[in-house]
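The following exercises concern the fold, the domains and the ligand surroundings of one protein chain. Please work through each task before reading its solution.

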Amino acid sequence: MAALGILDSANLNGGQKLAVKYFTVAIALFAAQVLFGLLAGLQYLYPDFLYGVLDFSVNRMLHINAMVVWLLFGFIGAVYWLLEDESGVPVVGLALGNLIFWVFTLAVVAVVLVYLLVQVGPGELKSIWLINEGREYIEAPRWADIGIVVCVLVFFYNVAATFMKGRFTGIGGVLVLDLVALAGLYTAGMWYTPNISMDQHWWWWVIHLWVEATWEVLVGCLLAYGLIKTMGVRRKIVETWLYIEVALLFGSGILGLGHHYFWIGTPEYWLAIGGFFSALEPIPLVAMVVHAVFDAGHHKLKSTNNPALAWMIAQAFGNFFGAGVWGFMHTLPQINLYTHGTQWTASHGHLAFFGAYATIVIAFVYLAVQKWRGNVWMSGELVGGWKWKWALFLLHVGMLGMTMALLVAGYEQSQIERAIEGSGWMGYFAGQAHPWFQQGMVWRMISGWTFAAGFVLLAWDLMTIGKRESRPARSVEMREAPAMA
Ligand code: HEM
Ligand code: HEM
Ligand SMILES: [Fe+2]
């Protein structure tokens with residue numbers, strides 16, 4: 001074994017070697033997300049900026065597609081990270097998993113190049129197959145859709161077969177069932193229909209049922225594993241919480257889908273169903289905060305990996321505020337009538353995606369870096385420990401700044417454009433011209449630069465943390481081995 005503090009893949013098991021590849025691509029795509037976000041934000045302030053070269057619509061598409069893909073890469077990496085540890089056996093199809101990693105990565109590069117260089121095509125099926133499908137967040141062309149399904153099926157096979165060969169823990173069982181739903185739902189976004197209402201109807205099955213049901217359950221599993229690993233929390237407690245959370249998440253999140261069916265031409269009963277069930281969605285998120293904070297308090301914040309623990313606690317709060325509180329604010333149809341299509345949505349979208357999902361992936365990358373460097377010390381008084389704290393601080397100041405700036409702008413739009421001017425063409429421009437909107441866009445940009453600074457620090461920290469440490473990781477008492485199924 002190499003000396004402590006040196007990156008050496010001999011420190012990792014097979015699944016983990018694959019995981020760090022996924023994490024590397026994830027962080028690179030995160031950088032792309034930030035870059036295209038900054039360009040799109042600048043275009044709000046200087047509409048001529050890059051006009052005709054990289055239009056707002058292209059930057060926006062790259063911004064949010066990079067986000068979806070880096071989070072997916074992060075999740076796949078995180079699952080490969082814990083797979084051998086949880087199941088107790090080596091990954092069943094590791095060579096296939098490696099091959100698929102390269103296929104997936106090359107496909108992403110090809111799609112990004114087409115987005116950048118070709119951008120749009122004529123309104124015919126060929127464009128859908130080769131350029132982009134035009135469905136927000138999952139714009140990938142049809143050939144890539146099929147490729148993604150194949151990659152995800154291989155990933156699913158690896159996870160399910162490995163657990164079946166080894167042992168099924170509670171976390172493993174929930175994870176496998178959840179991946180069936182996650183992969184299955186993706187196909188709902190692949191059918192082409194010229195009816196825009198029907199198209200949106202199915203598209204939301206992917207978008208909403210991913211982030212408010214299957215992704216939430218996935219991060220519940222990751223959080224459970226992370227708490228056990230960093231603090232030695234008892235598995236029985238963590239898994240009991242996990243089952244309660246999963247029941248509540250699916251119980252409210254599935255029919256909560258209705259909050260996107262208010263105004264797209266679906267039957268009126270969705271107003272009641274969507275309003276009621278989505279209003280219940282914050283409850284499991286409260287449970288997740290209580291769970292994480294209770295465990296952290298119980299173990300007096302003593303952890304093997306302080307940055308990972310800090311990001312997991314950030315996840316619990318970010319999920320609760322971004323998804324739960326910010327989502328709840330506009331989820332009743334009586335309110336959504338006014339907020340729909342304003343910056344209010346963008347405010348919620350930013351805080352929720354960052355708070356619920358970016359955070360947990362970052363936590364797992366910290367877990368990975370620690371072990372990669374031979375399980376080096378990452379608790380208090382870490383050499384060079386200022387970097388992770390400042391990165392966490394700047395990313396949060398930037399994100400909260402953007403969220404608040406967009407909220408103020410969205411509030412103003414709801415009042416002026418919607419309530420007073422009645423949602424008409426002129427109302428739209430009255431809303432855009434108001435100082436609260438214009439200043440909101442400036443503050444979003446200032447906060448965006450702060451976020452970008454935090455990101456640079458984060459990337460630097462991930463490459464260097466633990467390098468100058470020679471102490472082995474703090475050990476936490478593991479009270480029980482995983483139960484055999
Ligand atoms: C981590 C979980 C969540 C994420 C990542 C998320 C993200 C988003 C995003 C990006 C949008 C904009 C979609 C678009 O482009 O049209 C959106 C819309 C919406 N979200 Fe969430 N959300 C989450 C959870 C929630 C929860 C728990 C609620 C309710 C309590 C909620 C309520 C809404 C509503 C009502 C809209 C529609 C806004 C409109 O179009 O008027 N979200 N969400
Ligand atoms: C440098 C930081 C960032 C800047 C300047 C930025 C800027 C922007 C801009 C200008 C848009 C288009 C909004 C519109 O259509 O009106 C956007 C959309 C979006 N961004 Fe960001 N962004 C940043 C970081 C992030 C991060 C870190 C996340 C999540 C992890 C994120 C998630 C989203 C989402 C989900 C949307 C779509 C929102 C919706 O449809 O309502 N952004 N961003
Ligand atoms: Fe939703």
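**Exercise 1: Domain 1 and domain 3**

The centres of domain 1 and domain 3, taken over C-alpha atoms, are separated by 20 Å. This is a predicted model, in which local features need pLDDT of at least 70 and side-chain atom pairs count only at pLDDT 80 or more, while totals for chains, interfaces and linings use all residues. Residues are numbered from 1 along each chain as its sequence is written, and chains are lettered from A and ligands numbered from 1 in the order in which they are written.

Task: state which elements form the side of domain 1 that touches domain 3.

Solution.
1. Count the residues: 29 from domain 1 and 28 from domain 3 take part in the contact (C-beta atoms, placed from the backbone, within 7 Å).
2. Assign the elements: α1 and α2 each give two or more residues to the domain 1 side, and α1 gives the most, with 14 residues. Helices are DSSP runs of H or I of at least four residues, strands are runs of E of at least two, and both are numbered from the N terminus.
3. Sort by class: this side has 21 nonpolar, seven polar and one charged residues. Ala, Val, Leu, Ile, Met, Phe, Trp, Tyr, Cys and Pro count as nonpolar, Asp, Glu, Lys and Arg as charged, and the others, Gly among them, as polar.

**Exercise 2: Ligand 2**

Task: determine between which domains ligand 2 lies.

Solution.
1. Of the 20 residues around ligand 2, Gly37, Ala40, Gly41, Gly349 and Gly448 come nearest (a residue is near if its C-beta atom, placed from the backbone, lies within 6 Å).
2. Two or more residues each come from α1 (14-45), α2 (56-87), α13 (343-372) and α16 (435-464), and α13 supplies the largest share, seven residues.
3. Domain 1 (1-167) and domain 3 (303-476) both contribute to the shell, so ligand 2 lies between them; the domain bounds come from an automatic or database domain assignment.

**Exercise 3: Ligand 1**

Task: repeat the analysis for ligand 1, including the classes of its shell residues.

Solution.
1. Among the 24 residues around ligand 1, the nearest are Ala323, Gly327, His340, Gly349 and Ala352.
2. The elements giving two or more residues are α7 (196-231), α11 (306-329), α12 (333-339) and α13; the largest share, six residues, is from α13.
3. The shell divides into seven nonpolar, 14 polar and three charged residues.
4. Ligand 1 lies between domain 2 (169-301) and domain 3 (303-476), because both give residues to its shell.
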